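Here is a quick walk through one protein chain, going from single residues to salt bridges and then out to the overall numbers. Keep the viewer open while you read.

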Amino acid sequence: MQYWEHIDRVFRAQSLDEVKSATSAYTRALGFQHHGYAMKLQEPALQPGQGGGPSKDFFYFEDFASDWSKTYPGLASAQAERSDPRIIQAREGLPAASWNCRGQTSYELGQRVYLMQRTRRTLEIAGEHGLRGGITVPSWSQGMRWSFMTFTHTAIVDPREMVPTVASAVYFVNCMQATLDRLMRQRQPLPTLSEREREVLRWSAVGKTSWEISVILRISERTVNFHLQQVSRKLGVKGRRAACARAVALGLIFL
């Protein structure tokens with residue numbers, strides 16, 4: 001496969017910096033100048049390259065040489081999730097698309113009139129920032145709300161002329177996403193629960209009330225509720241049901 005060296009490089013990356021470097025090299029090899037990637041998770045997690053910092057549910061990187069780079073932090077907002085055509089493209093499961101700043105795309109959006117209008121307007125604004133053509137590739141993995149990668153250049157080209165490069169771009173992004181997932185799992189420490197917290201949580205998970213758990217474990221109901229509150233805090237969730245589901249998903253308790 002053409003570009004295999006770059007695809008293999010990003011797939012084997014051991015750090016976020018290596019992912020960024022491989023992505024930059026691939027962008028240039030593909031014939032584009034710049035790229036941008038954004039990802040929204042279903043719940044906060046430690047992110048690649050973040051070390052021991054606080055968990056977040058939004059992550060991005062880009063190398064645009066214009067003010068277009070300033071638009072990326074705003075993609076974390078609820079408004080962007082409702083209106084940004086790239087996010088909608090990803091959330092609705094639409095395929096990768098090539099485009100230019102004249103509003104032309106490699107496939108028609110059919111009855112999605114609102115999305116078509118938003119897409120054209122976004123592409124026009126991108127053109128004002130020097131992004132006159134490119135490819136946008138949605139991607140998905142477990143625990144993700146949406147993500148996409150965009151490769152851009154300064155030329156106005158018929159989107160159909162870029163179609164031959166789409167398959168390679170899709171495969172590269174899939175490999176890059178797999179690497180980011182791997183790096184995130186490596187950096188995500190499991191919360192530490194005490195044995196008493198596990199006991200309380202296990203009984204709660206099978207439907208016991210706080211009073212019933214207090215009788216079973218011979219502790220006060222107030223103490224049971226305290227342990228459940230502590231567990232919820234450690235797991236970053238609200239409520240005992242969410243705490244039980246999260247603990248089971250992480251393998252912290254078994255039913």
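V248 is partly exposed, because its relative accessibility is 39%, a value between the 20% and 50% cut-offs for buried and exposed. You'll find V248 in helix 10, which covers residues 240-250. If you want a long ruler to draw in the viewer, take V248 and Y107: the two are 141 residues apart along the chain, and their C-alpha atoms are separated by 43 Å. Bear in mind throughout that this is a predicted model.

F11 makes a nice counterpoint. F11 sits in helix 1, residues 4-11, and its partner in this case is L180, 169 residues away in sequence but 9.1 Å away in space, C-alpha to C-alpha. Which residues does F11 contact, leaving aside its neighbours within four places in sequence? They are C175, A178, T179 and R182. Even with those contacts, F11 counts as partly exposed, since its relative accessible area is 46%.

**Around helix 7**

Helix 7 runs over residues 195-205 and includes W203. The next residue to look at, S204, is in helix 7 as well. Are W203 and S204 buried or exposed? W203 is partly exposed because its relative accessibility is 32%, whereas S204 is buried, at 8%. The cut-off that puts S204 in the buried class is 20%. Not counting residues up to four places away in sequence, S204 touches I213, L228, R240 and C244.

W203 also takes part in a surface feature: together with V206 and I216 it makes up a nonpolar patch. The accessible area of the three residues together is about 250 Å².

A little further along the chain is R218, in the loop between helix 8 (210-217) and helix 9 (221-235). R218 is worth a click if you check backbone torsions: its phi is positive, about 60 degrees, although R218 is not a glycine. R218 counts as exposed because its relative accessibility is 77%, with 50% as the cut-off.

**Salt bridges**

Side chains of opposite charge can pair when their charged atoms come close. How many salt bridges does the structure hold? The count is 10, and three of the pairs are tabulated here.

| Pair | Closest N and O atoms |
|---|---|
| D67 and K70 | 3.4 Å |
| R196 and E199 | 3.0 Å |
| E197 and K234 | 2.9 Å |

Start with D67 and K70, which form a salt bridge. D67 is partly exposed, with a relative accessible area of 47%, while K70 counts as exposed because its value is 62%.

R196 and E199 pair up inside helix 7, where they are three residues apart, about one turn of the helix. R196 is partly exposed at 31% relative accessible area, and E199 is partly exposed too, at 24%.

For E197 and K234, the N and O atoms come to 2.9 Å at their closest. This pair links distant parts of the chain, with E197 in helix 7 and K234 in helix 9, 37 residues apart. Are the two ends of this bridge buried or partly exposed? E197 is buried because its relative accessible area is 5%, whereas K234 is partly exposed at 31%. Elsewhere, E81, R91 and R145 are joined into one network by salt bridges that share partners.

**Zooming out**

The protein has 10 helices and five strands. Its C-alpha atoms fill a box of roughly 75 × 40 × 30 Å, taken along the principal axes. Of its 255 residues, 45% count as buried. The accessible surface comes to about 13400 Å², and carbon and sulfur atoms own 51% of that.

As for contacts, take those with a separation of 6 or more: 62% of them are between residues 24 or more positions apart. On the charge side, there are 33 positive and 23 negative charges, and the mean positions of the two sets are 6 Å apart.

How values were computed: Residues numbered from 1 in each chain as written. Predicted model: local features only at pLDDT ≥ 70, side-chain atom pairs only at ≥ 80, totals over all residues. Heavy atoms only, no water. Patch = residues over 30% accessible without salt bridge, like charges linked within 9 Å, V, L, I, M, F, W, Y side chains within 5 Å. Areas by Shrake-Rupley, 256 points an atom, 1.4 Å probe, with all protein chains shown as cover. Salt bridge = Lys/Arg side-chain N within 4 Å of Asp/Glu carboxyl O. Helix = DSSP H or I, 4+ residues; strand = E, 2+ residues; numbered from the N terminus. Buried < 20%, exposed > 50% of the residue type's maximum accessible area, 1.4 Å probe, protein only. Contact = heavy atoms within 4.5 Å. Lys, Arg positive; Asp, Glu negative; His and termini not counted. Charge placed at Lys NZ, Arg CZ, Asp CG, Glu CD.
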